[in-house]
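User: Please take me through the side-chain packing of this protein by question and answer.

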Amino acid sequence: MALPRFLCLRFPNWPIQVLRVRLRESGEPSEFVALHTLAPSERREKSTKATTDVDLQYIRELWPAAVSGPTIVAVSTAAWHRGVRPGMPLAEARSMAVPLEQTRRSTTQPSGKQLAEQKALVNPQVGFFEWQSDDDRRQLMLLAEPARKYAPVIGLDELPVPDCLLLDITGCAPLFGGEAALAESLLADVRRAGYSARIAIADTVAAAWALAHVDERLNDKPRSRGSASRNPLPEDLPIRICPPGQARAELKFLPIGVGRLPLADQEILQNLGIRSLGQLLSLPLPDLPSRLSDQSIVRIQQLNETVEEGINPIPEQNPVMAEWS
């Protein structure tokens with residue numbers, strides 16, 4: 001019987017990727033862009049889905065400014081270098097996004113229109129767009145269809161603000177010439193669709209998810225996905241494959257932010273000096289329920305491989321039907 005193997009297909013800065021693909025299809029500029037939440041009153045009018053409420057609650061925990069007013073949720077790399085950061089109030093971000101005027105020496109004085117065109121070309125302003133978390137989820141689920149040839153079971157990340165798909169590739173790798181070949185082929189398909197992705201393969205869902213989300217450093221504040229102090233698309237290995245039976249060794253140096261623990265529990269652990277998963281997993285489990293939530297205890301057990309974690313499959317759009325007459 002084949003040993004369980006799971007693949008995490010992660011799309012870094014997914015909300016911005018969805019926005020940029022939409023803007024490119026309509027012929028609009030897509031380099032300097034940022035997404036923001038709505039004001040609380042506008043949210044109540046427009047938001048009716050439970051998933052949207054969960055996503056907004058997570059954003060409010062991550063960035064308290066989102067409780068009182070429109071707040072930046074995600075930014076492109078170009079907007080990042082302009083000074084716009086996730087967690088900023090929208091008004092502050094707009095002031096940071098205004099390009100500085102550049103003076104150039106020229107023998108001829110350009111007209112007002114030419115001067116405006118030069119400024120727009122040299123220093124384009126950042127475009128701000130409303131964040132629609134349901135659209136992000138919908139687009140992520142649509143990508144499950146072309147990925148089905150690599151795995152019979154594909155599920156959506158069940159955390160708030162999902163950015164990855166989970167694939168059960170148990171027994172599938174030999175059909176593609178090995179796990180590395182499977183991952184390379186899947187990554188090539190994703191890139192042809194216009195998206196950037198990372199892939200991690202491991203024995204458990206918890207390990208694959210953690211390895212695919214290693215963006216943080218041990219000295220970062222606990223932000224489970226993305227930090228307001230880091231570039232939104234850091235350079236990293238696009239494919240990481242953890243050999244069978246080596247998950248614990250691979251995980252022990254990773255930050256606790258990739259353990260999928262609630263933010264409040266991450267803060268508690270940080271205050272106790274627990275910064276890596278190795279430190280966390282070395283703690284005596286019977287002592288943890290007095291300090292951490294039940295959700296964190298389950299996550300620790302999944303990382304320890306003492307509790308199995310399955311994938312909640314996304315239904316196929318056109319399932320194969322059979323009938324016995």
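The questions below concern one helix, aromatic rings and a nonpolar core.

This is a predicted model, in which local features need pLDDT of at least 70 and side-chain atom pairs count only at pLDDT 80 or more, while totals for chains, interfaces and linings use all residues. Residues are numbered from 1 along each chain as its sequence is written, and side-chain values use heavy atoms, leaving out hydrogens and water.

User: Over what arc do the buried residues of H8 spread around the axis?

Analyst: Helices are DSSP runs of H or I with at least four residues, and strands are runs of E with at least two, numbered from the N terminus. Buried means under 20% relative accessible area, exposed over 50% and partly exposed in between (1.4 Å probe, protein chains only). In helix H8 (residues 133-142), the buried residues are Ser133, Asp134, Asp136, Arg137 and Leu140. They lie on the same side of H8 because the arc they cover, taken from the directions from the helix axis to the C-beta atoms, is only 160°.

User: What is the angle between the planes of Phe11 and Trp14?

Analyst: Rings of Phe, Tyr and Trp (its six-membered ring) pair if their centres lie within 6.5 Å; planes under 30 degrees apart are stacked, over 60 edge-to-face and the rest tilted. By this rule there are four aromatic pairs. Phe11 and Trp14 form a tilted one, with 4.9 Å centre to centre and an angle of 50°.

User: Which element gives the most residues to the largest nonpolar core?

Analyst: Such a core is a set of buried Ala, Val, Leu, Ile, Met, Phe, Trp, Tyr and Cys residues joined through side-chain atoms within 4.5 Å. The largest has 34 residues. Eight residues, the most from any element, come from H10.
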